[in-house]
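Trainee: I'd like to go slowly through one part of this model and see what surrounds it. Could you walk me through it in one go?

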Amino acid sequence: MNELDALAAQIRNCTDCALSRTRLNAVPGEGSESPEIMFIGEGPGFHEDRQGRPFVGPAGKYLNQLLASISMRREQVYIANVVKCRPPNNRDPLPGEIQACRKYLDRQIALLKPTAIVTLGRFSLTQFFPGEIISRAHGKPHFWNNTMVF
């Protein structure tokens, strides 16, 4: 078992916050182990919670279409979320939940070493740039720890 697989197993068994009590499945993330691009969403939704995989519902279908439009497949990128368990009723993740998962996201980034990170939503954006507003940051490259973030 490699380090990424071990981390995924740790995430699946995590009980560090209350989300672990309401989830069906934790959603560690998936994709290439050497991606150029890492996509980071907010958190799992209904379909992701059922399947234990990121971006498999309507947003995932749209992401697949966008990737296809640039001749890429999801197997070539890595897809993860800020929180690894679905917040009840798809509510916004709470600060303590985000903090409980931060170590996992940081470790994934360190292991994967993506060339670029694409944040998908305000919660993933503020993981890297606290206080930044999505409408102001949209489409502009930023740098975080020598990694380009869009």
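Trainee: Let's take strand 2: which residue in strand 3 is the bridge partner of I40?

Mentor: That would be A80. Keep in mind that we're looking at a predicted model. The I40–A80 bridge belongs to a parallel pairing, with 4 bridges between strand 2 and strand 3, residues 78-81. Strand 2 also pairs with strand 4, residues 116-119, again parallel and again over 4 bridges. On that side, I37 has A116 as its bridge partner, while M38 is partnered with I117.

Now, how much of strand 2, residues 37-41, is buried? The count is 5 of the 5 residues, so the strand is largely enclosed by the rest of the structure. Look at how the residues divide: I37, F39 and G41 are on one side, M38 and I40 are on the other, and both faces are covered.

Step across to strand 4 and you'll find a similar story. A116 and V118 point one way, I117 and T119 point the other way, and all four are buried. The sheet carries on from there, because 2 bridges pair strand 4 in the parallel sense with strand 6, residues 147-149. I117 is a good residue to click on here: besides being the partner of M38 in strand 2, I117 has V149 as its bridge partner in strand 6.

I117 is worth a longer stop. Setting aside residues up to four places away in sequence, I117 touches M38 and I40 from strand 2, and also I109, F128, W144, T147, M148, V149 and F150. Several of those names come back in the largest nonpolar core, which has 29 residues. The ones with the most contacts inside that core are M38, I40, I109, I117, F128 and W144. Helix 1 (3-12), strand 2, strand 3, helix 5 (95-112) and helix 6 each put in at least two residues. Helix 5 gives the largest share, 7 residues. There's also a second, separate core of 9 residues, with F55, M72, I79 and V118 among its members. As a bit of background, nonpolar side chains in soluble globular proteins tend to be buried together.

Two of the well-connected core residues, F128 and W144, deserve a word of their own. A search of the whole structure turns up 1 aromatic pair. The ring centres of F128 and W144 are 4.7 Å apart and the planes sit at 80°, so this pair is edge-to-face. F128 is in helix 6 (residues 122-128) and W144 in strand 5 (residues 142-144), so the pair ties together parts 16 residues apart in sequence. F128 and W144 are both buried. F128 has other company too: R102 lies over the face of the F128 ring, 6.0 Å from the ring centre.

Stay in helix 6, since it leads back to where we began. S124 is in this helix and is buried, with a relative accessible area of 0%. What does the side chain of S124 reach? A polar atom of that side chain lies 3.0 Å from the backbone oxygen of I40. The S124 side chain also reaches the backbone nitrogen of L120, at 3.0 Å. Apart from neighbours within four places in sequence, S124 is in contact with I40, G41, V82 and T119. I40 and G41 are strand 2 residues on opposite faces, and T119 is one of the buried residues of strand 4.

Further along helix 6 is Q127. Is Q127 buried or exposed? At 11% relative accessibility, Q127 counts as buried. Leaving out neighbours within four places, Q127 is in contact with V82, I98, R102 and L105. V82 is in contact with S124 as well, and R102 is the residue that lies over the F128 ring.

So here's the picture to take away, with I40 as the anchor. I40 bridges to A80 in strand 3. I40 is in the set with the most contacts in the 29-residue core. I40 is touched by I117, and its backbone oxygen lies 3.0 Å from a side-chain polar atom of S124. If you view the model from I40 outwards, you can follow each of those links in turn.

Methods
Residues are numbered from 1 along each chain as its sequence is written. This is a predicted model: local features need pLDDT of at least 70, side-chain atom pairs count only at pLDDT 80 or more; totals for chains, interfaces and linings use all residues. Side-chain values use heavy atoms; hydrogens and water are left out. Rings of Phe, Tyr and Trp (its six-membered ring) pair if their centres lie within 6.5 Å; planes under 30 degrees apart count as stacked, over 60 as edge-to-face and the rest as tilted. Buried means under 20% relative accessible area, exposed over 50%, partly exposed in between (1.4 Å probe, protein chains only). A charge sits over a ring if NZ of Lys or CZ of Arg is within 6 Å of the ring centre and within 35 degrees of the ring normal. Two strands pair if DSSP finds at least two bridges between them. Contact means heavy atoms within 4.5 Å. A nonpolar core is a set of buried Ala, Val, Leu, Ile, Met, Phe, Trp, Tyr and Cys residues joined through side-chain atoms within 4.5 Å. A polar contact is a pair of N or O atoms within 3.5 Å; within protein, one must be able to donate a hydrogen and the other to accept it, and residues adjacent in sequence count only if both atoms are side-chain atoms.
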